[in-house]
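Me: Got a model here that I'd like to go through with you. Can you walk me through it while I look?

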Amino acid sequence: MNFNTKVIHGGQHHESATGSVNVPVFLTSTFAQKSPGVHSGYEYSRAANPTRQALEDSLASIENGARGLAFGSGLAAIDCVLKLLNPGDEVVAVDDLYGGTYRMFTRLFEKYQLKFTFVNFDDVSKIADVITDKTKLIWVETPTNPLMKLVDIKAVVEIAKGKDILVAVDNTFATPYIQRPIDLGANIVMHSATKYLGGHSDVIAGALIAKDAELGEKLHFIQFASGGILGPHDSYLVLRGIKTLALRMQRHSDNGLAVAKYLETHPAVDKVIYPGLESHPQYELAKSQMKEAGGMVSFTFKSGKKEDAIKFLEKVKVFTLAESLGGVESLANHPALMTHASIPAEKRAELGITDDLVRLSVGIEDAEDLIADLERAFS
């Protein structure tokens with residue numbers, strides 16, 4: 001199947017009892033058994049639920065993986081990956097990553113004797129410099145949040161080859177419509193399905209997709225044992241969102257490029273960070289690794305003042321000042337005060353997350369209305 005067909009039909013089957021085209025929401029915690037241990041494939045909904053199973057099969061299909069798993073949040077999915085590791089193991093992670101991921105790594109899992117090394121992946125050779133015989137996981141975000149840095153997934157996989165190191169990629173910003181890390185050699189793909197996969201700002205969810213069945217079974221055991229599952233109704237919402245993923249992502253990308261080009265010409269704007277602009281330092285990598293550039297745009301002010309960013313964000317109307325991203329509606333965010341506040345100020349400054357940085361999640365409205373709204377907010 002091609003991708004537009006996969007998002008609707010990939011891994012999906014009509015419900016067997018009634019022929020229902022859409023999978024029903026199975027609001028049940030347990031399932032009747034014919035004899036002790038003899039059942040129809042479902043025992044208890046923490047282990048498997050038909051609605052969640054339909055979503056997990058869809059996730060595996062659209063990412064070209066062997067096994068999909070759905071979680072109560074993106075962070076629950078990351079938590080599951082880290083539980084593959086043992087005390088003393090080391091993780092090499094991209095330095096510019098989502099604040100919640102950084103918080104989980106440093107404030108939760110470090111106390112369980114996992115070691116995290118944060119590296120600028122612009123030069124992937126720096127990864128090889130910090131790998132030791134204890135390194136078991138390389139954690140990638142691409143594009144990164146909020147600085148839209150790109151990571152050459154193939155190059156990272158090449159560095160890990162033959163070293164018993166898993167490569168996991170947070171594909172939230174790109175989605176499989178734009179980029180498929182498993183096809184590029186990654187072992188695990190993670191999504192905050194709250195964002196583009198759900199697509200309507202009405203659900204909190206996470207997802208993992210494993211490249212092979214053995215790894216998928218290990219992750220499923222951790223999901224079952226830890227209990228961070230996605231409920232059936234939320235599973236239904238994400239599955240419904242996936243069906244329009246291709247249409248929405250193309251519109252997000254078209255609007256994202258239009259907004260980025262507008263910002264690049266505005267006299268109040270200093271720097272626009274968007275992989276679809278030729279000014280992006282990794283523009284050529286974007287063209288080779290990504291189908292489109294997506295709907296996430298970050299920019300800074302020529303004044304460099306936090307006050308100008310706050311004033312701008314207080315004046316937007318079509319854009320909504322809110323955390324999160326990836327919904328049909330456009331959102332605007334101040335990373336230093338909102339999504340990345342959990343990262344220490346000195347670390348933000350080191351990364352380039354300045355106090356005048358604004359991150360836009362460009363929705364699927366008419367681009368002309370979005371640009372008019374930005375123009376008003378600048379005035």
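Me: Start with β10 and β11: in which sense do they pair, and over how many bridges?
Reply: Parallel, over 2 bridges, with β11 covering residues 331–333. Two strands count as paired if DSSP finds at least two bridges between them. Strands (E, at least two residues) and helices (H or I, at least four) are DSSP runs numbered from the N terminus.

Me: Which residue stands opposite L321?
Reply: That's A332 in β11.

Me: What's the strand order in that sheet?
Reply: β8-β9-β12-β11-β10, an open sheet of 5 strands with mixed pairing. The edge strands β8 (269–273) and β10 (320–321) each pair on one side only.

Me: Before I go on, what am I looking at, and what was counted?
Reply: It's a predicted model: local features need pLDDT of at least 70, side-chain atom pairs count only at pLDDT 80 or more, and totals for chains, interfaces and linings use all residues. Residues are numbered from 1 along each chain as its sequence is written, and side-chain values use heavy atoms, leaving out hydrogens and water.

Me: What's the average pLDDT?
Reply: The chain averages 97, and 100% of the residues score at least 70; pLDDT is the predictor's confidence in each residue, from 0 to 100. Among the elements, helix α13 (residues 345–351) has the lowest mean, 89, and β7 the highest, 99.

Me: OK, other sheet. What's the order in the one with 7 strands?
Reply: β1-β7-β6-β5-β4-β2-β3, open, with mixed pairing. β1 (67–71) and β3 (115–119) are at the edges with a single partner strand each, so one side of each has no neighbour in the sheet. Ignoring direction, neighbouring strands are turned by 20° against each other on average.

Me: And how many bridges join β5 and β6?
Reply: 3, between residues 166–170 of β5 and 188–191 of β6, which run parallel. D170 stands opposite M190 in β6.

Me: Which strands does α2 touch?
Reply: Helix α2 (residues 50–62) touches β1 and β7 (206–210), and its direction makes about 130° with that of β1. Contact means heavy atoms within 4.5 Å; axes are lines fitted to C-alpha atoms, for helices over the stretch in contact, with angles from 0 to 180 degrees between N-to-C directions.

Me: And how does α3 run relative to β7?
Reply: At about 40°; helix α3 (residues 74–82) lies across β1, β3, β4 (135–141), β6 and β7.
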